[in-house]
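Me: Take me through one part of this model up close, please: the packing inside. Start with what the burial words mean, then use them as you go.

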Amino acid sequence: MHLLRSLPLTRLLAILSVVGLTASCRTMRYVPEDRYLLRRNIVEIEGVHKASRRERVLPKDLMPYVQQRPNSRLLGVGIYLGMYNLTDTAKHSGWQRFWREKVGEAPVIYDPRQAERSRQMMQVYLTSRGYLDGTVTDTVEYARRKRKATVRYVAREGKPYVVSQIRYRIEDDFLEPIILEDTASGLLKIGMIYDRELFDAERERISVRLQNMGFWSFNKGYVTYTVDTVGFDHAMRLTVHVRRRVAYMDAEGRPVLENHPVYRLGRIVVNTDYDPTRSPEELERMPWDTVPYNGIDILYLDKLRLRESVLAGALRLSPNELYDRSSVQRTYDNIRNLQYSANILFTELPYDTLHPVEVTRVGERDGGRVVSTTERSLGCLIQCTPNTRQNFNVDAEISTTADYYSTALSLGYQNKNLFRGAENFTVNFRGAYEFMKNKGRHNSYEFGVNVGLDIPRFLLPVRADKLAKFPLQKTNISVSYDIQRRPDYDRTIAGGTFGYSWVWRNGGRFQINPVDINVVSVPWIDADFKNSIENPYLRNSYESQLIAGLSAGYYFQTDPNPKADNLSIRLVGDMNGNLLRGLTSWLGKRTTIDLEDSDRESYYKIFGIRFAQYARLSLDLSQRINLTTTTQLAWRFFIGGGVAYGNSTTLPFERLYFAGGANSMRGWQVRTLGPGESLYKRETYPNQLGDFRLELNLEYRFAVFGDFGMAVFADAGNVWMNAKGSPASARFRFDSFYKEIALDAGLGFRYDLGFVLLRLDWGMKLHNPNVPRPERWHSGFRLKETALHFAIGLPF
């Protein structure tokens, strides 16, 4: 270990590279003499047409059609193939199979048949994108002495075909005016490049629109296209066909056509105890009880889990209403919000063929001719399967450096139907302990409890149907109490929030808390510590105060699955003290205190305690990009800041920003970085805080074998102070802040247990702005300049 500490970082990486190359030096061991190892696939585009970015074909569009991929590489080294070659394929012991099948990877032998199939699929893709004259060729570059092959695919697009005319041929005269009146909203435009995927999207758009208007049986299969290129120069006439529906087959076996019928909902049945593991016969024999409510029949066993009003209120389907696909989707969402999984089935009910119900309309396009279609009935069965009602969760985090370590443990309980109204009740306990490895009173602990209740509807004096446009609506209530015992102060925090959340159509969730209150009490603070704070205004952050106002947030992510591509947006803001300032300015009396340098400060109190007045806003962006099936690139960008005004000169301690820890700058412990380039004293308890934070994290994740993975990461960021009277070394300045950006890099180890992911990150400081300038850049490995973090779940 002493030797590793003294090695420069570049030499250490070189040694690791040699080790990796040694493991893969026998790459051709299991490659037959007359065959070639696939080294690389190259996709190139020649003769790129001047099309828009969306219409242009790029190499990345063609790469997914390559059927044969070379062996995976780790940091540019074929370590997996090397591990496979270290085994003996003639031996089948458990260890040999594990090393060969779980860790290693068999050599990928170049197959010309797979290359030809790849070429053909690329050709088909070019045609589907409008490049009907496009061609794809494949050539193989052999390194004969090394017996390796590189396959180069060259796509020549040529001139694309564009749509010059769009015509409609609609056989259903009842649907004709409905479809034609909406062509301006269509995806097909004259002058566009032929795109089969876009054509299919237009078929789906027409189908969805008609289903939202009651045409339940209509689907995109009734919409087809005919393309005519005869007599055109790289142009085409596009004809959109909309077919009628087959009513039945006559005695001679010929189809009898009819206009597409509209459907009205008949009986609606909700089964609240559906078990998908049981057969239909078993379900039929079960002793079901039925409760009618507002025209809906509710089935249950033994006891109804939800109140009838709550369950019926979640449905956007009612008897005698026209079928509406969008209402079906909203019903799915609302039932999921009640902690149920659902399956909604529709059945066409028999109708009187002698006296059918007809819907008629005067056809303006047919000289006043009356056009008609039939109206049918649909039976609706909603099968609801309750989710697990109660569960527990555990979360842990351990971090350590050469002179400091911390540990935190969280325990949670959740009940998803506390009062038979699908209320989500949670209780979370959190405890933390931190210790500095030097003499003196430098250990601290924290204990907190949070109780929350989410009600799946808005608690407002407004009729529920007036709020139906807010999907997945919830009322959120929470209270919390936290005790902190630090070496330099004691503090208790009691808080409560009341607010509303809902999900928008794009999947984004809005949260607004009109009531957000925290009471911070500091019964004891070390006088030497308080006097050591250079900024006299910052000392106010350590005083008892009331934080009361409102907060709001927007949260969006495309896919929460950690193995999927994902974009996440988190925008949060809060504003506090404005209402209290207005009341106290009118009714209250100022309190004035003397500061240093003959300066004075005055402020208002309410109930004998000073209240905070400030505004704060933060943005957290992150993205995961799957590069291959086993590698992933992830990044996060965070920016946040706040400003105090009116009754405050600085943000409250609980609203200040900090950096470091398992989910931030991983070369530092929590609250040990910043602010700015202020010098950090190791012998003091870490309380490095700021009212502005800027951070960028980058991580390359890759699978090693089985459920074990690794990551290479780098972090950059810092916190700064901008409050009045802040030291110059802590303030944010546009012309110099980049010189105060902290940098770290490191390795991460992950093990996926399925239900939880264990993570160990080891970060090393590269640039530390909180030491004297000559010492900021680290070129060698020093253990005391590293931090080790154990946590559960991914950092972002």
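Reply: Buried means under 20% relative accessible area, exposed means over 50%, and partly exposed is anything in between. Keep in mind that this is a predicted model. To try the cut-offs out, take Leu753: its relative accessibility is 38%, so it counts as partly exposed. Leu753 sits in the loop between strand S32 (742–752) and strand S33 (757–767). Its C-alpha is 9.3 Å from that of Phe708, with the two positions 45 residues apart in sequence. Gln96 falls on the other side of the cut-off: at 16% it counts as buried. Gln96 belongs to helix H5 (residues 94–103), and leaving aside residues up to four places away in sequence, it touches Thr87, Asp88 and Lys91.

Now for the packing itself. The largest nonpolar core has 28 residues, and Leu338, Phe346 and Ile382 have the most contacts inside it. Among the elements that give it two or more residues are strand S9 (262–271), helix H11 (325–337), strand S12 (340–348) and strand S14 (369–386). Ile382 is a good place to zoom in: skipping residues up to four places away in sequence, it touches Ile268, Val269, Val270, Asn271, Leu315, Ile335, Asn343 and Ile344. A second core, separate from that one, has 25 residues, including Tyr161, Tyr222, Val242 and Val371.

Helix H11 deserves a look of its own. With 13 residues, H11 reaches 19 Å from first C-alpha to last, close to the 18 Å expected at 1.5 Å a residue. Its buried residues are Ser327, Val328, Thr331, Tyr332, Asp333, Asn334, Ile335 and Asn337. Of these, Ile335 is also one of the residues that Ile382 touches. Just after H11, Gln339 takes a positive phi of about 65 degrees.

That brings us to the backbone. Most residues other than glycine have a negative phi, and most peptide bonds are trans. His234 is not a glycine, yet has a positive phi of about 50 degrees. You'll find His234 in the loop between strand S5 (223–228) and strand S6 (235–242), and because its relative accessibility is 18%, it counts as buried. Arg671 is another non-glycine with a positive phi, about 65 degrees. It lies in the loop between S29 and S30 and is buried, with a relative accessible area of 8%. Pro675 is in the loop between strand S29 (631–644) and strand S30 (692–705) too, and the peptide bond leading into it from Gly674 is cis, with omega near -10 degrees.

Key:
Residues numbered from 1 in each chain as written. Predicted model: local features only at pLDDT ≥ 70, side-chain atom pairs only at ≥ 80, totals over all residues. Heavy atoms only, no water. Helix = DSSP H or I, 4+ residues; strand = E, 2+ residues; numbered from the N terminus. Buried < 20%, exposed > 50% of the residue type's maximum accessible area, 1.4 Å probe, protein only. Contact = heavy atoms within 4.5 Å. Core = buried A, V, L, I, M, F, W, Y, C linked by side-chain atoms within 4.5 Å. Expected span 1.5 Å × (residues − 1).
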